[in-house]
Amino acid sequence: MSSGGAAPAAGRTSKSSRSVGILAFEVGSVMSKLLQLWRAVGDAAVARLRHETIHLDGVRKVVSEDEELLLGLARAELLDALRAAAESVAALAGRCADPALRDFRDAFLSDTGRDRHRFSSGVPPAQPDHALFLVGGPPLRRCAAHHVLLADPSSWTWDAGRRRPCAPWRAALAGILEWLAPMAHATMRWQAERSFEYCHHHKADLDSEVPVLLLQTLHMAERHKVDAAVVELLVGLNYVWRFHITCRARAAPAAAMSSSP
């Protein structure tokens with residue numbers, strides 16, 4: 001009898017261990033999201049937002065110069081992130097034995113007026129009307145950001161003879177990339193931070209860095225302004241590339257003659 005009763009107990013233990021393991025993974029993911037959010041609303045991050053982020057050249061050129069609007073966009077995004085994290089917490093809370101914790105979803109995420117435990121105290125509703133999401137769909141934004149990053153000519157190495165005639169165009173390209181390249185980087189990072197692979201392989205980075213805000217990316221930019229900058233960038237790159245090819249073609253015969261016996 002005693003041996004017959006041991007097997008079910010072992011089975012229950014194994015099932016419980018598997019459940020704990022799965023929940024540990026989910027809890028770890030939620031804790032990472034909450035830690036990012038905590039950092040994003042910390043004093044240092046808010047000071048950076050007010051004094052640096054909303055004053056970035058790219059943000060001012062293609063998103064808005066209205067500080068109140070930019071702060072409203074940041075606030076709306078952070079509230080959306082809070083509610084997404086609350087959804088994850090609510091999914092875990094529904095498995096709890098404590099009835100008060102099982103009430104978390106209704107108390108925090110709905111307007112039922114049943115917030116007996118004051119979970120949602122001090123959390124204002126989100127303001128989706130502030131969203132200005134522009135530059136096509138996500139694939140087009142990724143494509144635009146990728147091409148901007150590829151266009152950075154800062155690492156090109158030419159001799160002085162080739163560099164001088166292209167100086168005006170190189171200066172113009174550098175001026176565009178000075179504000180557009182950071183937005184392209186921010187766009188790629190913002191999307192990477194929301195991918196499972198990135199979160200899995202860069203957990204330490206996510207736990208230590210303040211997340212990128214949408215207003216820093218091409219997602220929030222006015223399309224016609226970005227289009228104009230990209231067109232100018234492509235025209236300049238085309239000119240520089242054609243000049244480079246012409247210089248190489250002219251230099252080839254001279255190089256061949258100098259190497260002949």
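**Exercise 1. Characterise the second largest pocket of this predicted model.**

Solution. The second largest pocket has a volume of about 680 Å³. A pocket here is an open set of points on a 1 Å grid over the protein atoms alone, where a 1.4 Å probe fits, with protein on both sides within 12 Å along at least five of seven lines; lining residues have an atom within 4 Å of a point. Points are joined across faces, edges and corners, and the volume is the space filled by probe spheres set on them.

Step 1: the lining comprises 34 residues, and Ala45, Leu49, Thr53, Leu213 and Gln216 are the closest to the pocket centre.

Step 2: helix 2 (43-51), helix 3, helix 4 and helix 9 each give two or more residues to this lining. Helices are DSSP runs (H or I, at least four residues), numbered from the N terminus.

Step 3: by class, the lining divides into 20 nonpolar, 6 polar and 8 charged residues. Ala, Val, Leu, Ile, Met, Phe, Trp, Tyr, Cys and Pro count as nonpolar, Asp, Glu, Lys and Arg as charged, and the others, Gly among them, as polar.

The model is predicted: local features need pLDDT of at least 70, side-chain atom pairs count only at pLDDT 80 or more, and totals for chains, interfaces and linings use all residues. Residues are numbered from 1 along each chain as its sequence is written, and side-chain values use heavy atoms, without hydrogens or water.

**Exercise 2. Determine whether Val148 is buried or exposed, and list its contacts.**

Solution. Step 1: Val148 belongs to helix 7.

Step 2: its relative accessibility is 3%, so Val148 counts as buried (buried is under 20% relative accessible area, exposed over 50%, partly exposed in between; 1.4 Å probe, protein chains only).

Step 3: not counting residues up to four places away in sequence, Val148 touches Leu177, Leu180, Ala181, Ala184 and Leu233; contact means heavy atoms within 4.5 Å.

**Exercise 3. Classify Arg50 by exposure and describe its surroundings.**

Solution. Step 1: Arg50 lies in helix 2.

Step 2: with a relative accessible area of 46%, Arg50 is partly exposed.

Step 3: His55 and Leu71 are touched by Arg50, leaving out residues up to four places away in sequence. The C-alpha atoms of Arg50 and Glu67, 17 residues apart along the chain, are separated by 8.5 Å.
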